[in-house]
2 protein chains.
Amino acid sequence: MTGDEDDRKGIAAEWVDGETKVLEAPGDHGAELRLWLRLLTCTTLVETEVRRRLREEFDSTLPRFDLMAQLERARDGMVLGEVSKRMMVSPGNISVLVERLAESGHISRTTSPTDRRVQIIALTPFGRAEFEKMAAAHADWIADLFGRLEAADSTVLMDELARLKGSIVASLARGG
Amino acid sequence: MTGDEDDRKGIAAEWVDGETKVLEAPGDHGAELRLWLRLLTCTTLVETEVRRRLREEFDSTLPRFDLMAQLERARDGMVLGEVSKRMMVSPGNISVLVERLAESGHISRTTSPTDRRVQIIALTPFGRAEFEKMAAAHADWIADLFGRLEAADSTVLMDELARLKGSIVASLARGG
DNA sequence: CAAAATAACTTTAAGCTTGAAGTTTTTTGG
DNA sequence: CCAAAAAACTTCAAGCTTAAAGTTATTTTG
C-alpha cells in the first residue's frame, strides 16, 4: 500500500485517467470522478470505523444508533413513517429495525388512538440511557478522526460541501 | 422539507447543538459532528442515485460494478484476495460476488496452477463489454450530479478532502 | 352511504456484508 | 521428512436494505 490512493468502490484511480476511455462518453469527466472517489473514501473510512466501534464497544449497529438518535429529541415519540422519511430509508426497513429494538427493550411502540394505522415509537428510559452512552462515545470518535484538521480547513469544507450538496440536489430535482 | 438540513444517519442537526449534551463529553465536538453529517449526506445522496440507476438501467448493483471495475484494468486477471484488499471488503463477501458474476457469465475463475489455494478471476469479453457500457453511463451520472460545482470549488474540495483523509488515516493508525 | 382511492404500515424475496468457523494447500521449524 | 503454523479461500449465521406485494384503516367520491 502506498497509502495514498483512492482506489476503491468501482473506479480505480488509473481508470479515470486511462486509455480505456469509453467511446460514448466524449466529455472529460475525470475531475468529477476523482472528486467523487475521494469523497467516498473519506466517508467509508469513517463509517467503517464507527460501525466497528459500535459493535465492539456497545454490541450495537449503526442503523440502531441512527434510529435511536432520531427518537432522542422526540420526548413524545414519533410516527414510524416520519422516522422513515428523516432517515431516508424504506418503511419496510424501519419496520424491521423497530421490531428488534422493541424486542431488546430500547424502544416502545403504540398504535395511535386517533388513527389505528399509525405506529408511534419512542425511546424507553433504558433505551435513552443506552443511547446517551453511545452518543457520547460517538462524538469522541468523530472528534478524534477529524481532529487533525485545522479549524480553517473545517470551515472551508463545510462551505464547499454545502455547495456540492446544492449541485447534487439540483441535479436530482431536474433529472428525477 | 426545508431542503437544507443534514438530518439523518443518527445525528439530527439539532442534537449536536441541543441541551441534551452528555455529561461525559465535556469537549464541544459540534463542529466535527456537523462536518461528518454533511459529508455523509453528500455521499449518501450520490450513492443512492447511482445504485438506483445501475438497477433500473442495467439491472445491476454497485458491488458488481465495483468488482468489475477492479478487474477492468487487469487483463490477466486478479487474485481474489487482492480484489478483496483493494475493495476493502471481506474475502467472504468477494467470494459470494464472484460466485454470482461467474454464474451470469461476466467473469471467469481459474485456480492458479502454481498454488491451488489461489483463485484467479478475470472479466470475460461479455463482462468487459457490459462494464464499459455501465462505466460510461456512470461517468455521465457523476458529471451531472457534480456539474453545478465551479471548477474552483472542485479544486478546493479535492484539496480539503485530502487533508481530511490525512486526519482520518492518522487517527486510525494511532488508535488502531 | 358504498365503492374506490389513498395511507400507513408489514411481509417477502433477493442481495449485500461481516465476523467467525471450517477446509484445503503451502510453508516453516525441528 | 513431519507436525505445526500460516495462507487463501469458502461456508454460515445474523443483520441490513430495498422493491414489490399484501393487509388493514381512513378518506374521497359519486
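At roughly what angle do the axes of helix H6 of chain A and helix H7 of chain B cross? The model is predicted, and the tour begins at this pair of helices.

Select residues 125-146 of chain A, which form helix H6, and residues 151-175 of chain B, which form helix H7. The two axes cross at roughly 115 degrees and come within 7 Å.

Next, display the side chains at this contact. From H6(A), select A:Asp144, A:Leu145 and A:Phe146. These meet residues of H7(B), namely B:Leu164, B:Ser167, B:Ile168, B:Ser171, B:Leu172 and B:Arg174. By class, the contact of H6(A) with H7(B) comprises five nonpolar, two polar and two charged residues.

Now turn to DNA strand D and select the 24 residues around the strand. Those that come nearest are A:Arg100, B:Val79, B:Gly81, B:Ser95 and B:Gln119. Of the strand's atoms that come within 4 Å of the protein, 79% belong to sugar and phosphate. The surface near DNA strand D has eight nonpolar, eight polar and eight charged residues.

Colour the helices that each supply at least two residues of this surface: H3 (62-72) and H5 (91-103) in chain A, and H4 (80-87) and H5 (91-103) in chain B. H5(A) gives the most, with four residues.

Finally, inspect three contacts with phosphate oxygens of DNA strand D:

- A:Asn93 places a polar side-chain atom 3.1 Å from a phosphate oxygen of the strand.
- B:Ser95 has a side-chain N or O atom 2.4 Å from a phosphate oxygen.
- B:Gln119 has a polar backbone atom 2.9 Å from a phosphate oxygen.

Methods
Residues are numbered from 1 along each chain as its sequence is written. Chains are lettered from A and ligands numbered from 1 in the order in which they are written. This is a predicted model: local features need pLDDT of at least 70, side-chain atom pairs count only at pLDDT 80 or more; totals for chains, interfaces and linings use all residues. Side-chain values use heavy atoms; hydrogens and water are left out. A residue is near a molecule or strand if one of its heavy atoms lies within 4 Å of it. A polar contact is a pair of N or O atoms within 3.5 Å; within protein, one must be able to donate a hydrogen and the other to accept it, and residues adjacent in sequence count only if both atoms are side-chain atoms. Ala, Val, Leu, Ile, Met, Phe, Trp, Tyr, Cys and Pro count as nonpolar, Asp, Glu, Lys and Arg as charged, and the others, Gly among them, as polar. Axes are lines fitted to C-alpha atoms, for helices over the stretch in contact, and angles run from 0 to 180 degrees between N-to-C directions. Contact means heavy atoms within 4.5 Å.
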